[in-house]
Amino acid sequence: MGAVEELKSHPRAVFDDLADPGPAWLAERRRAAMATFDAHGFPTRRWEAWKHIDLTPVLRSDFRPPQGPGEVDDGLTGRLDQLLPPGDGPRLVFVDGQLDPARSDYAKLPAGVSVRPLSEALAEEPAWLQTHLAAHADPANSPFIALNTALMGEGVAVQVARGAMVEAPLLIVCYTSAATAGHAVYPRVIVHGEEASHLRVVEYHSGDPQAAYLSCPVTELIADAGAQVDLTRISEEGDAGCQLGAVSGTAARDARVGAHSFVWGGDKVRVDIEATVQGDNGEGDLTGIHLSDGQRFVDHHTWVHHDAEHTRSRQVFKGVLDGRSETVFDGLIKVHPGAQKTDAEQENRNLILSPRALAHSNPRLEIFADDVRCTHGSTVGELDEQALFYMRARGIDPVVAKSLLTYAFVAEVVETVRCPQAAAYERALLRRFLPGGEQLEGFEA
């Protein structure tokens, strides 16, 4: 048996041992996803979209979830309270793919919101779940979406009733403990906003500081006509952890779907974000920040599809690279035939703090309509020496001056985050990342 066939056999063995594939419609979608993975296997560097990432640490996993939840980092609760203070919104905490009731609090939900563990929702088989679960994140787009779809265990099903305007954000936490070292977890989140509703969701991904684990989370966002669904996704993985995740959003007529990704941590982190604007006057808004140091690898791949007229999209991604880190931004705007009056923009900016850091940027346009406005821009550069000289001439310490300019470069994106609590947490992470960052406390005020 060849090496590739052996690698394929691990996920297939896990799939074949699934005790409960769920209702018939889900079992069929799992089989189709597994067949998609079997047909292609793991990506190699000969795949254009995966040519920069070394998956060797990932392929050491046996792809089985751990037998049970392990110990949780002592500091996790403190970080969660800093991110979303108790009482500011409901919270669901998953440890190694299993719901942790002691750390979760979703007994009192805002009016119009239904939040249930995925297993409970599947047992009831509501029509919306059958319509939308595993129907938006396409397994053909990524082998790891295929693996998640085939092997997903526990997760969250969120539904917002028609017309419900929910102010309190919902916090979903996926923590991977040392018990998952050498294993993999497949968290699944689905959020459905019915017509004219509004919800903000914060996803927080973290893990044991030393364990070498694989996390493959997938999130599906569905915004019906006139609805707004906003996701803020913060990845603070352990130093040896790998995350290969995906977000897929769909916006109907007059609807908006937004996804913001913040990454600092992890050995290798790749987040695929896809937005499909299906209805007239719909909107997709994708933003991201990655801070990389040491020898970390961070990758943001984005796709925005315009399938209707008078639609809008925005992609703004910024990266700060230090040490010998390496990052990738690969973004696509695709205007499909008939999507006239599309207004789309894409921007990727990278700030290099070390001569050994490496940033790859690949903005792309595919346009099949003739009355559109689409722009894109990409830069990779260093700090402005004239600005540094100006600040030093006024007595500002050189280290603080560099951190101040870097902070301002990133904060421009943080300010667009629609969840104030998440934005404040990102600013705190940014200050921790920067030398002398504690001196920047309150700079944003």
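User: What share of the contacts in the protein chain between residues at least 6 apart in sequence join residues at least 24 apart?

Analyst: The share is 83%, where contact means heavy atoms within 4.5 Å. This is a predicted model: local features need pLDDT of at least 70, side-chain atom pairs count only at pLDDT 80 or more, and totals for chains, interfaces and linings use all residues. Residues are numbered from 1 along each chain as its sequence is written, and side-chain values use heavy atoms, leaving out hydrogens and water.

User: How do you know what radius of gyration a compact globule of 445 residues would have, and what is the value for the protein chain?

Analyst: The rule, over C-alpha atoms, is 2.2 Å times the number of residues to the power 0.38. For 445 residues this gives a value near 22 Å; the protein chain has 21 Å, so the two agree.

User: Why is Phe42 called buried or exposed?

Analyst: Buried means under 20% relative accessible area, exposed over 50%, and partly exposed in between (1.4 Å probe, protein chains only). Phe42 has 8% relative accessibility, so Phe42 counts as buried. Phe144, at 2%, is therefore buried as well.

User: What kind of aromatic pair do Phe37 and Phe42 form, and why?

Analyst: Rings of Phe, Tyr and Trp (its six-membered ring) pair if their centres lie within 6.5 Å; planes under 30 degrees apart are stacked, over 60 edge-to-face, and the rest tilted. A search of the whole structure finds seven such pairs. The rings of Phe37 and Phe42 lie 5.0 Å apart at their centres, with planes at 80 degrees, so this pair is edge-to-face.

User: What makes the pair of Phe42 and Phe144 stacked, tilted or edge-to-face?

Analyst: The centres of Phe42 and Phe144 are 6.0 Å apart and their planes make 45 degrees, hence a tilted pair. Phe42 lies in the loop between helix H2 (24-40) and helix H3 (56-59), and Phe144 in helix H7 (residues 143-151), so the pair ties together parts 102 residues apart in sequence.

Notes: Helix = DSSP H or I, 4+ residues; strand = E, 2+ residues; numbered from the N terminus.
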